[in-house]
Amino acid sequence: MLQTLDIISVNIWQILISLANLLIMYLILKKFLFGPVQKVLATRQKQVDDIYGEANKSRESAESMRQEYEEKLATARDEADGIVRSAVQTAQRRSDTMVSEAAEQVSHMKQKAASEIAQEKKQMLEGVRSEISDIAVEIASRIVGREVRKEDHESFVDDFIRNVGEQQ
């Protein structure tokens with residue numbers, strides 16, 4: 001039974017040696033394993049942080065470029081609206097000018113036509129006056145050449161009216 005007690009018994013020296021062995025293993029692992037692993041983890045963390053930083057910078061840059069694009073687009077739209085308004089105003093002014101010029105030409109043509117009509121009327125009246133005076137002279141010469149009776153007077157008037165119609 002002595003042997004069975006050895007297996008169950010607590011041996012302090014063995015415990016101390018096991019603890020010393022564990023401590024030595026811990027220190028060796030810490031120096032050769034934990035240090036390099038910590039360095040690798042730190043390097044990886046730095047790389048991840050750098051990637052995130054670059055991504056944030058890219059996102060901010062993209063955001064600022066988007067804002068610039070939107071501002072330029074709004075400016076371009078404003079400029080396009082201004083150009084369209086300017087073109088419409090120019091077209092309206094040209095249209096108004098053309099209409100006023102046409103109205104002036106029509107007015108001038110009306111005045112010219114009215115003056116031509118007045119001149120033609122004046123010439124016609126002068127022509128009629130000269131014809132009437134010629135006819136009056138002819139009538140007077142006929143009357144002077146003979147005695148006027150009522151029937152002769154009526155016949156002279158009828159002849160006068162017929163002659164006026166024929167000469168036109």
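**Salt bridges along helix H2**

Colleague: Is Lys46 buried or exposed?

Modeller: This is a predicted model in which local features need pLDDT (the predictor's confidence in each residue, from 0 to 100) of at least 70, side-chain atom pairs count only at pLDDT 80 or more, and totals for chains, interfaces and linings use all residues. Residues are numbered from 1 along each chain as its sequence is written, and side-chain values use heavy atoms, leaving out hydrogens and water. Buried means under 20% relative accessible area, exposed over 50%, and partly exposed in between, with a 1.4 Å probe and protein chains only. Since Lys46 has a relative accessible area of 54%, it counts as exposed.

Colleague: With which residue does Lys46 form a salt bridge?

Modeller: A salt bridge here is a side-chain nitrogen of Lys or Arg within 4 Å of a carboxyl oxygen of Asp or Glu. The partner of Lys46 lies four residues away in helix H2, so about one helical turn separates the two. With the closest N and O atoms 3.7 Å apart, that partner is Asp50.

Colleague: Which residues are linked in a network of salt bridges?

Modeller: Arg66 pairs with Glu63 at 2.3 Å between the closest N and O atoms, and with Glu70 at 2.6 Å. The network therefore joins Glu63, Arg66 and Glu70.

Colleague: How many helices does the protein chain have?

Modeller: Helices (H or I, at least four residues) and strands (E, at least two) are DSSP runs, numbered from the N terminus. The elements run α-α-α from that end. With zero strands in the protein chain, the number of helices is three.
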